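User: I am new to this structure and would like a close look at a single part of it. Please take me through it slowly and explain each term as you use it.

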Amino acid sequence: MRPFLVTCLGAVCTAALALSLAPAAGAHAVPAPAPAPAPAPRATSTPELPGSTQSLPVPTPGAAAPDATDRDSATVPAPGTLGLPARTVRPFSLLGVVWDDAAAELHGRVQVRTRATGTTRWSGWQDVQVHNDDAPDLGSAERHGSDVRGGTSPLWVGNSDAVQLRITPASSDRAAATVPAGLRLELVDPGRTPRGLRAAQADPPAPVSAGAGAAAASAANGLLAPLGATEIPALGQVASLADIAAAGLLSPERAYVGARPRIVTRAGWGADEDLREKAFIYTDTVRAAFVHHSGSGNDYSCDEAPALIRAMYRFHVKSNGWRDIGYNFLIDKCGTVYEGRAGGVAKPVMGAHTLGFNADSTGIAVLGTFTDTEPPRRAVDAIARLTAWKLGLYGVDPRKMTKLLSAGGNRFPKGSKVPLHVISGHRDGFTTDCPGQYLYDKLGATRTAAAGLQGR
């Protein structure tokens with residue numbers, strides 16, 4: 001099944017993209033013609049929003065270590081390790097390590113410590129999840145003409161102004177250790193939430209003005225919320241049948257669909273739409289949902305979740321080289337659902353979340369790391385609500401199995417038809433620890449709960 005692209009420019013996309021919540025044709029559809037450009041709404045964004053990325057090269061074996069700028073402790077990497085000595089940098093809140101070849105792996109342990117901004121207080125050493133198996137499919141349009149890079153999972157560390165990195169290779173012989181070329185430590189500042197969005201979070205959400213990219217992303221949800229809205233409101237189960245009717249996917253009389261959950265839009269979490277690729281990529285349908293944990297740690301507050309998502313978005317695009325944030329949806333520890341990759345929350349948007357199985361699936365990431373920690377109950381309940389609605393739009397029973405065609409990965413060869421749970425964990429399609437054992441153990445009950453919410 002070949003994905004297709006839809007390109008949209010300007011505020012006039014509102015009408016063009018609101019004609020349907022799903023592509024008019026299947027995988028062989030041609031790109032929709034772009035409408036004539038119209039003047040974009042005046043942007044109200046301030047310099048608070050964009051954020052930034054600092055990229056620090058990591059010396060490889062045999063290279064001279066850089067001088068330290070903070071010598072409050074023995075900060076130079078120890079023998080047998082790689083890394084960076086402690087150094088003062090511009091403020092940042094999220095970090096990760098990337099390298100040039102997306103197919104290469106970093107074998108070893110990656111740890112960081114950071115200093116809280118404006119203090120002398122250093123954190124203890126924190127592990128960075130080395131294997132980040134969320135990625136665009138090998139043969140997808142997202143890989144063509146782009147510099148997709150390998151990388152760790154991003155780690156949220158809070159507002160910091162100094163950092164130290166150490167990498168302990170799996171081989172004890174540093175000179176012989178195999179590490180990917182082009183190692184860089186990426187430090188991401190998510191930018192401050194714009195004043196207009198802060199006001200919208202405190203009061204009932206209202207449409208906000210935006211540029212052409214934001215108008216296109218918002219117009220993709222045109223039948224669910226006004227242009228520029230910071231959230232898509234929750235609907236009861238009966239009212240949610242209108243989402244199916246509007247999409248023209250099924251007959252509402254024969255449908256099982258859960259109540260639509262409240263979804264914070266990209267405008268609501270402050271996405272800088274100038275970062276992403278302008279086109280949206282869709283597949284034929286949605287036949288499965290893959291559940292992930294973000295691997296970004298659990299040390300964040302629900303108020304910080306929008307900033308965490310903005311930082312992850314920037315890391316996926318600027319550091320990993322992806323076209324947009326990889327996940328279709330994100331859920332924070334308080335159970336709030338956020339729109340991820342642009343293109344419309346009800347549409348079959350191609351994500352970059354489960355290498356080999358991004359087609360005809362949706363990717364849901366719970367913000368946090370659940371390898372050794374129980375996921376919050378509110379987040380688990382939100383997975384059931386979201387999948388009951390999203391899968392219901394496509395007539396899918398959350399309790400069932402389905403077959404997906406592998407695009408290639410480390411578990412299933414390209415071209416194989418793989419039986420999978422409709423609600424699967426990332427590890428079901430790829431050899432990985434994701435979504436963490438504690439979250440993975442909840443998926444059986446989630447399937448039953450989502451089917452119940454559909455009225456099955």
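With which side chain does the side chain of Ser296 make a polar contact?

Analyst: The side chain of Ser296 makes a polar contact with the side chain of Ser294, at 2.5 Å; a polar contact is a pair of N or O atoms within 3.5 Å, where, within protein, one must be able to donate a hydrogen and the other to accept it, and residues adjacent in sequence count only if both atoms are side-chain atoms. Please keep in mind that this is a predicted model, in which local features need pLDDT of at least 70 and side-chain atom pairs count only at pLDDT 80 or more, while totals for chains, interfaces and linings use all residues. Residues are numbered from 1 along each chain as its sequence is written, and side-chain values use heavy atoms, with hydrogens and water left out.

Ser296 lies in the loop between strand 12 and helix 6, the latter spanning 305-319; helices (H or I, at least four residues) and strands (E, at least two) are DSSP runs, numbered from the N terminus. With a relative accessibility of 1%, Ser296 counts as buried, a word that means under 20% relative accessible area, as opposed to exposed, over 50%, and partly exposed, in between (1.4 Å probe, protein chains only). Leaving aside neighbours within four places in sequence, Ser296 is in contact (heavy atoms within 4.5 Å) with Pro154, Leu155, Trp156, Leu308, Met312, Gly368 and Thr369.

Strand 12 itself covers residues 288-293, and His293 lies in it. His293 is buried too, at a relative accessible area of 2%, and a polar atom of its side chain lies 3.2 Å from the backbone oxygen of Pro435. When neighbours within four places in sequence are left aside, the residues in contact with His293 include Gly368 and Thr369, both of which are also in contact with Ser296; among the others touching His293 are Gln129, Tyr327, Cys434 and Leu439.

Strand 12 also takes part in something wider, the largest nonpolar core, which has 35 residues, with Ile331 and Trp389 making the most contacts inside it. Such a core is a set of buried Ala, Val, Leu, Ile, Met, Phe, Trp, Tyr and Cys residues joined through side-chain atoms within 4.5 Å. Strand 12 supplies at least two residues of this core, as do strand 13 (329-331), strand 15 (361-366), helix 7 (377-393) and helix 10 (443-453), and helix 7 gives the most, with nine residues. Apart from this core lies another, of 24 residues, among them Tyr327, which is one of the residues in contact with His293.
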